[in-house]
Structures are given as structure tokens and as C-alpha cells.
Amino acid sequence: MANGQQEQQVAGQQQALTQTQNTEQDVLQGIQKQQPQQIQQPANLYQALGSLNPQQLLQLKSNVQKRAGRRQIYRNVGGERGAQLISLAEKGEMTIAEAINRSKQELTPNMKAMDAAFFRKGAKSTDMLPLKERMKNTWSKTERNLWLSHYNSLDRQETSTENARIQANKNITKENKARFKNSVDNRNFMQQAQVDFLDIESTIEEGSKEFANFVVDPDYIKAVEGLRAEYGKDLNANISEEGDQIAMQRYAVQIAKTIPISFLNKERGYMIGNEWIVIPEKGMDENSKRKLFAESIIRKIISAKNHMAQVSEYFEPQQPQEEAPAEGGGDDWSQYMVE
């Protein structure tokens, strides 16, 4: 993220982070500078896999399985407990498979009920709605995220099936097929963005609890309200309104600078992209923790905005219009006449 070490002074939980360099500019510019290198890309997946030797293929398979395992653990028990189990697996105290089984054993009754409804044969998205009404006033953020994941997954299956039916119907016009497909695509992209924004919201809710016994930093309140206002624009039904990504990232940095360090000290890791980044138990200073937290929020913002960038308004195809020939045809000689 940044080059070199930054000096800091922290006077109590309530004070914002004071740095010799501008952390906001440091984080934002650092991410913007991470441009992919121009490398030779394989023509297709088969070519890529064919270039690997047996040892590399085994390593690739192992990495894919570990990544899927980490995501399942994180999904089952949430961030803090998930980080603990993943950390134990990284240390070799248990295997990823054992950590997954442990996470399954720790599913709450609410989560088991959600899984039962989701995996039931012929399940529909509407089957999840009664569970939401019954649990929404008491569920944890992990339970809420699981419910949304299941609901969205079933909803996507249903809309995909309906879209396939419409596309195969010869009695529906080409324009109506295109219009419906656009609606389905937009719905899927917005749902994916919603999940990213909900992850951010859940993190903010947890962090805000640390202010329970202290006066809340005004800059923290301003940043949280600003971030919510911006991503609220993206989730609005009016797709012509769009949240400011740069403003969101600046708010994320401000939140990271002013959130109580006691909250960050409890964090065990973050999902950044598709990787779970474990926070070392020792050796990471406060400034580094704040930077890592800011990056985790910013990555979710970027992911959500990438989804929203694919939302598009459907425009009716324009029929070409033929220009009517000028009366009399030929050149208009009157323009050359001299009065």
C-alpha cells in the first residue's frame, strides 16, 4: 500500500490517527498505482493447464481447495471466529477439512434452518421470506448475510430459468426478449453489489459498538453517513443515479483513521479480493492495522462498483428512417440565381 514507515501519535481511543503523511492519499494512490503487468496470456484454460507440470497441477488444486474452504468457513461462522479457525489451519494445528467440519458444528439454529430451507428439493426464494420475518429482529450479521446469500442464489436460479423460457419462446419478439434479459442481468449485478455493500455495513455496525462507552468521533460519524449516502445511490431503483467511488474510498479511509483501535485489535483477518488475509497476533503496529482495514473496505467498494458498472439501461432499437427525396429531384438550381 505505502512506501516506508509512517510516524504516528495516538492519544487515547477517541483521537484520530495523526501521521507524517496523508494516509488517505497514500491508500488511494497506492491502489490506483497497482496496474497489472503486460504479460503473455494463454489462449485458453486448456493451454494454461497444459503448460503446468504435475507438481504445479497438484499445487493449483490444493490452492483452489484451500480458498474454497476458507470461504466456506467464513460463510459458516463469520469473520472473527472464521479467522480463528483459519489461523489454526495455517499453523498446522488442524487441517482445512477439520476447520470446515468445526465451522459446520458451530452453525446456529437459525443458520441450520436457513440451510434446510435452501437445500430442500424444489426450494424457491419465497421459501426464505418467512424465515426473515421470524428472525430479522434477533439475527446476527452472519445469519443475516447467510439469509441474503441463500435468497439471492434462489432468486438468480428462478430468473435464469424464466429467462431461458422466454428466449426459447418463438411467440415473443426479439425486442421483448432483449428487454427481459437486460432486466435479469441488471438484477443479478445489483444483488452482487448489494452483498458487498452489506458486508461493509456489517463491519461498520460492529465497529460502531466500540464507541458504546466513549464519545463518538465526529469525523467517524461524518464518514459513515457519507459512505452510506453514496452507496445508497447505487442501490436506488433509479439506475441513472450513481454513487461516487472516489468519495466512498475517502470515507473508508476516514473510517479506518477514526474507528477505535480496540475494534481493530479484535480483528483476526479480512477477505481482500478472494484471499483471506490473516492479521499476525504480534508485530503489526496500529498504523498498519488501520491501513489493512481501509484496504479491506476499499476492495469491497471496488468489487461493488465493478458489479454496478455492468448495470445498463435498455434502449429500444431505432428503426432506420429513409430520407424523402427533394421535390423535383436533382440539384436545387435556385441557389445560383441572381436577382
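## A buried threonine in helix α8

T203 lies in helix α8, where helices are DSSP runs of H or I with at least four residues, numbered from the N terminus. This is a predicted model, in which local features need pLDDT of at least 70 and side-chain atom pairs count only at pLDDT 80 or more, while totals for chains, interfaces and linings use all residues. Residues are numbered from 1 along each chain as its sequence is written, and side-chain values use heavy atoms, with hydrogens and water left out.

T203 counts as buried because its relative accessibility is 14%, and buried means under 20% relative accessible area, exposed over 50% and partly exposed in between, with a 1.4 Å probe and protein chains only. Not counting residues up to four places away in sequence, T203 touches F263, F293 and I297, a contact being heavy atoms within 4.5 Å.

## The nonpolar cores

The largest nonpolar core (buried Ala, Val, Leu, Ile, Met, Phe, Trp, Tyr and Cys residues joined through side-chain atoms within 4.5 Å) has 33 residues, of which L227, I255 and F293 touch the most other members. Two or more residues come from each of α8 (174-208), α9 (218-234), α10 (245-258), α11 (261-266) and α12 (286-308), and α12 gives the most, with nine.

Once neighbours within four places in sequence are left aside, I255 is in contact with I204, Y220, A223, V224, L227 and F293. A second, separate core has 16 residues, including M111, A123, M128 and W139.

## A partly exposed leucine

L60 lies in helix α3, which covers residues 54-90. With a relative accessible area of 35%, L60 is partly exposed.
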